[in-house]
Amino acid sequence: MKFAHLADTHLGYRQFGLIEREKDFYEVFEKIIDNIIEEKVDFVIHSGDLFETARPSPIALLTFQKGLLKLKGAGIPMYAIAGNHDIVMRNDSIPPQVIFKKLGLKVISPINTSYMHGDIFIAGLPFYPSSQVKNLKSKLADLSKKAANHDKSILVLHQGIDKYFGPNFELEIGDLPDNFNYYALGHIHNYINDNFGKGKLVYPGSSEVWKTNELKDYKENGKGFVIVDFEGPKPVVKRVKVDIARTFIERSLDYSNLESGISGLKETIQGFDKKPILDLNINNVESDTNRVYEMIKEELGDLSLMIRPTFNMAGEDDLDVIINQTDSLGPDELLKEQLDSYGEESVTRLGLDLYHYLSKDKIEESEDILKQFFDDHYHVEIEDVEMDIEEIEDKSDEKPNVQVTFKEVLE
Ligand SMILES: [Mn+2]
């Protein structure tokens, strides 16, 4: 028994606003599907962020449909959860994955948290934002109990875990139940393969370079997916690299011999069948950045899809710049620092979630998150209040002055 595990394909993403980059993401997805079929796996797991948004374009939907039908033709079913990109955080909404249920996609959701594939128990949950992590943990405990009845189990999640992720994680590594054999994770775009619980924990990473800060990992681990051999109790993981659609070139050029630098680069990219993306650092620039930019554009513009130049002016101390960059905090960290002063983790989580959703104009989802928060922390169970009254009445002959006390925020 073996399966393929992939995640974060972000179909529909148009990087730098370029239609070519959107097509690149589709092309890589198609290659991955072909590779999976060649590997003759028994099933596929997709750990979320299948699509870039919760309302994908028809092209994005059709690209996935084509892949799904190809797999179906080869007799390979797919299990999928929704990630933070393709989920709608509203109670009455459904992720786009649901459209494909009739075509055989096995959607793992809060209503339908598990499947059996032969003797393998496959359980999971969609993405939960930080403010709802209490709910997530209690659902994980339920799944862990169910997994205890099976020799082979897989947990599918789309979350950031502190051990592998920056400050915006939702789960700490200790929050994961430890009795699964394979942890099929998504969300982190770099490749991670670790030992955990009774077996393996894997983030296959994104299938294309979604952000340029993924280039370092791409050089080391490539992009792609994993094949997991699940014959024995401990799964064996094999990385399958799939080349991204075009090359990103990072190059430093010096102002003093700019012309030879540019012509060298021109020679390099001349033979590329797909125009690369150029990240250029031009060092020791005098005041004429416009002229330098025009020159670069003139020579390399037709041969590249996009040029992203950074001008470092002459006399700037490189070391100072680097130190400043590591010292400075991003908006997330600054907001977190401020929120932490309330001394209440749930408030910090709520604030960060609201910041993320509101900065993407997700007004209705923000309202839902707030409502959920107030339900969790201030909701009064009528039965509880009545019981309290009875208890008080038992203890006292006088008519008590009952004051309804809401559940404290600080639980
Ligand atoms: Mn993602």
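In this predicted model, strand β14 (residues 277-285) runs parallel to β15, and seven bridges hold the pairing on record. One place to see this pairing is I277, which stands opposite M306 in β15. The two strands belong to an open sheet of three strands, ordered β13-β14-β15, in which the pairing is parallel. At the edges of this sheet lie β13 (248-254) and β15 (306-313), each of which pairs on one side only. On average, and with direction ignored, neighbouring strands here are turned by 15° against each other. Helix α6 (residues 289-300) packs on this sheet, where it touches β14 and β15, and the direction of α6 makes about 150° with that of β15.

Helix α6 also has a helical partner. Helix α5 (residues 258-270) packs with α6 at an angle of about 30°, and the axes of the two helices are 10 Å apart. With angles under 35 degrees counted as roughly parallel, α5 and α6 are therefore roughly parallel to each other. Their crossing is right-handed. On the α5 side of the contact are L258, I262, L265 and K266, which meet V292, I296, E299 and L300 of α6. By type, the residues of this contact comprise six nonpolar and two charged, with no polar ones. Helix α6 thus appears in two settings: it touches β14 and β15 of the sheet, and it packs with α5.

A second sheet can be followed in an earlier part of the chain, with β5 at residues 114-117 and β9 at residues 192-196. This sheet is open and has six strands in the order β5-β6-β7-β8-β10-β9, with mixed pairing. Its edge strands are β5 and β9, each pairing on one side only. Neighbouring strands of this sheet are turned by 20° against each other on average, direction ignored.

Both senses of pairing can be found by starting from strand β6 (residues 120-124). With strand β7 (residues 152-158), β6 runs parallel, and five bridges join the two. I122 of this pair stands opposite I154 in β7. Helix α3 (residues 133-147) packs on the sheet and touches β5, β6 and β7, its direction making about 175° with that of β6. With β5, in contrast, β6 runs antiparallel, and four bridges join these strands. Within that pairing, M116 has F121 in β6 as its bridge partner. The strands β5 and β6 form a hairpin with two residues between them, and there G118 takes a positive phi near 60°.

Further along the chain, three helices can be followed through two contacts. Helix α8 (residues 331-340) and helix α9 (residues 345-358) pack at an angle of about 145°, and their axes are 9 Å apart. The crossing in which α8 passes α9 is right-handed. From α8, the residues D332, L335, K336, L339 and D340 take part, and they meet V347, T348, G351, L352 and Y355 in α9. The contact of α8 with α9 is made up of five nonpolar, two polar and three charged residues.

Helix α9 packs in turn with helix α10 (residues 363-378): their axes come within 9 Å and cross at roughly 165°. That angle makes α9 roughly antiparallel to α10, since angles over 145 degrees count as roughly antiparallel. This crossing, too, is right-handed. Here α9 contributes L350, D353, L354, Y357 and L358, which meet E365, S366, I369 and F373 in α10. Of the residues in this contact, six are nonpolar, one is polar and two are charged. Helix α9 therefore links the description of both contacts, meeting α8 through residues including V347 and Y355 and α10 through residues including L350 and L358.

Finally, a word on confidence in the prediction. The chain has a mean pLDDT of 88, and 88% of its residues reach 70 or more. Two stretches call for a separate mention. Over residues 320-326, pLDDT stays under 50, and the model has one contact for this stretch beyond four places in sequence. Residues 398-411 also have a pLDDT below 50, and this stretch has 13 contacts in the model beyond near neighbours in sequence.

Technical notes: Residues numbered from 1 in each chain as written. Predicted model: local features only at pLDDT ≥ 70, side-chain atom pairs only at ≥ 80, totals over all residues. Axes fitted to C-alpha atoms, helices over the stretch in contact; angles between N-to-C directions. Left-handed = near helix turned anticlockwise from the far one by under 90°. Contact = placed C-beta atoms within 7 Å. Nonpolar A, V, L, I, M, F, W, Y, C, P; charged D, E, K, R; others polar. Pairing = 2+ DSSP bridges. Parallel < 35°, antiparallel > 145°, perpendicular 65-115°, else oblique. pLDDT = per-residue confidence, 0-100.
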